Amino acid sequence: MEQTCLQYALTEEERKAFDETGYLIMENVLSPEHVAALTAEVDRIFGEHVKAGHDPSKAMFHPNFIPDHELFLDLVDYEKVLPKVWGILGWNIYLYHAHMIVTPPSGQQPSDKTFGWHQDSGRMNVEMETEPRPRMSLKVAYFLSDLAEPGRGNFWIVPNSHLNNTMQRPEGGFGQLEGAIPVCVKPGTVVFFDRRLWHAASPNWSELTCKVLFYGYGYRWIRTKDDMTVQSLWSKSDPIRRQLLGAGTNCNGYYTPTDEDVPLREWLKEYAAAEVK
Ligand SMILES: O=C(O)CCC(=O)C(=O)O
């Protein structure tokens, strides 16, 4: 990893905003060329799913996409993004989950049916007994399509909701959570969100196809949430990327890491001592 990434370190202002609201929006993180190259691979994968029988008018949820192309692998330790992830979570982290979502035009009329509001990580929200729940992980969403207007299959969030274990749900299956907003962003925008932030996917009532890549980072002692068949990529990765792809010396090293388990800590000690706790 190059030291140039330190110019993208989490600022105190960003930390405060993330802690208070549960999310952070950064525009123009990906250049138009980068967006175009990623989009070409997303379109290829969508096409393969359609050939294999996926209904092209339905949303595609495609997890474990890091091995599908070098461009996806390169975002795992992307210099404009990773420093913000370690700034929030610290150095004992890895990519526990990644999924690609393509939401084509539904052809349906807009409705106010309640979306699938949730905090991430399923049973973690039932079996962890604290109020508020612990953060544990965050997701980075790379928006590839133009979501500047609502109704395009936008990602929806309830700002400041991450410390609420429960939310009042509208009765009768219609209406959204109080305070909910669509995230309206241009291609190339990245959104960081706390896994506890109440969020939802929404239907696409527009003519544009919605394309988003989600990268989930969490502590190394959290299990993967999809197959994450990234082990074959370890040998061609540098030590920090290997850590982020789940490598470790032995099981105990996920809980009590040695220097060999967490090269990110060693790198930070050398180049950004203030970041090591
Ligand atoms: O596709 C979306 O906009 C929502 C994704 C989501 O709910 C998730 O990553 O947990």
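How many bridges join strand 3 to strand 9? Select both strands to begin: 10 bridges join them, and the two run antiparallel. The model on screen is predicted, and the tour starts from this pair of strands.

**Stop 1: strands 3 and 9**

Strand 3 covers residues 93–103, and strand 9 covers residues 210–219. Pick isoleucine 93 and look across to strand 9, where tyrosine 219 stands opposite. Then pick tyrosine 94, whose bridge partner in strand 9 is glycine 218.

Now colour the two strands by burial. In strand 3, 11 of the 11 residues are buried, so this strand is largely enclosed by the rest of the structure. Strand 9 is mostly covered, with 10 of its 10 residues buried.

**Stop 2: the six-stranded sheet**

Widen the selection to the sheet that holds these strands. Its six strands form an open sheet in the order 1-7-4-9-3-2, and the pairing is antiparallel. The edges are strand 1 (23–26) and strand 2 (60–63), each of which pairs on one side only. From one strand to the next, the twist averages 15°.

Add helix 1, residues 12–21, which packs on the sheet. This helix touches strand 1, strand 4 and strand 7 (190–194), and its direction makes about 130° with that of strand 1.

Go next to the edge at strand 2. Four bridges join strand 2 to strand 3, and the two run antiparallel. Proline 63 is a residue to pick here: histidine 99 in strand 3 stands opposite.

On to strand 4, residues 137–143, which seven bridges join to strand 9, again in the antiparallel sense. Select lysine 139 to find glycine 216 of strand 9 standing opposite. Select valine 140 as well; its bridge partner in strand 9 is tyrosine 215. Keep tyrosine 215 selected for the next stop.

**Stop 3: around tyrosine 215**

Is tyrosine 215 buried or exposed? Its relative accessible area is 0%, so it counts as buried. Show the residues in contact with this tyrosine, leaving out those up to four places away in sequence. The list includes Phe65, Ile66, Phe72, Leu75, Val76 and Leu95, and also His97, Leu138, Lys139, Val140 and Tyr142.

Several of these names return when the nonpolar core is selected. The largest nonpolar core has 58 residues, and those with the most contacts inside it are Ile66, Phe72, Val85, Val140, Tyr142, Leu213 and Tyr215. Strand 3 supplies the largest share of this core, seven residues. Another core lies apart from it and has 15 residues, among them Ala141, Ile157, Val185 and Val212. In soluble globular proteins, nonpolar side chains tend to be buried together.

**Stop 4: aromatic rings**

Show the aromatic side chains: the structure holds 12 aromatic pairs. What kind of pair do phenylalanine 65 and tyrosine 215 form? Their ring centres are 5.4 Å apart and their planes stand at 85°, so the pair is edge-to-face. The pair links distant parts of the chain, with phenylalanine 65 in the loop between strand 2 and helix 3 (70–74) and tyrosine 215 in strand 9, 150 residues apart. Phenylalanine 65 is buried too, with a relative accessible area of 0%. Add Phe72 and Tyr142 to the selection, and the four residues Phe65, Phe72, Tyr142 and Tyr215 appear as one aromatic cluster.

Another pair to select is phenylalanine 143 with phenylalanine 155. This pair is tilted, at 6.4 Å centre to centre and 40° between the planes. Phenylalanine 143 is in strand 4 and phenylalanine 155 in the loop between strand 4 and strand 5, so the pair ties together parts 12 residues apart in sequence. Both phenylalanine 143 and phenylalanine 155 are buried.

For a ring with a charged neighbour, pick tryptophan 91. Arginine 265 lies over the face of this tryptophan, at 4.6 Å from the ring centre.

**Stop 5: the three-stranded sheet**

Finish at the open sheet of three strands, with the order 6-5-8 and antiparallel pairing. Its edge strands are strand 6 (181–182) and strand 8 (199–200), each pairing on one side only. Which residue of strand 8 stands opposite isoleucine 157? Select histidine 199 to see it. Strand 5, residues 156–157, pairs with strand 8 in the antiparallel sense over two bridges. Isoleucine 157 also belongs to the core of 15 residues shown at stop 3.

Methods:
Residues are numbered from 1 along each chain as its sequence is written. This is a predicted model: local features need pLDDT of at least 70, side-chain atom pairs count only at pLDDT 80 or more; totals for chains, interfaces and linings use all residues. Side-chain values use heavy atoms; hydrogens and water are left out. A nonpolar core is a set of buried Ala, Val, Leu, Ile, Met, Phe, Trp, Tyr and Cys residues joined through side-chain atoms within 4.5 Å. Buried means under 20% relative accessible area, exposed over 50%, partly exposed in between (1.4 Å probe, protein chains only). Contact means heavy atoms within 4.5 Å. Two strands pair if DSSP finds at least two bridges between them. Axes are lines fitted to C-alpha atoms, for helices over the stretch in contact, and angles run from 0 to 180 degrees between N-to-C directions. Rings of Phe, Tyr and Trp (its six-membered ring) pair if their centres lie within 6.5 Å; planes under 30 degrees apart count as stacked, over 60 as edge-to-face and the rest as tilted. A charge sits over a ring if NZ of Lys or CZ of Arg is within 6 Å of the ring centre and within 35 degrees of the ring normal.
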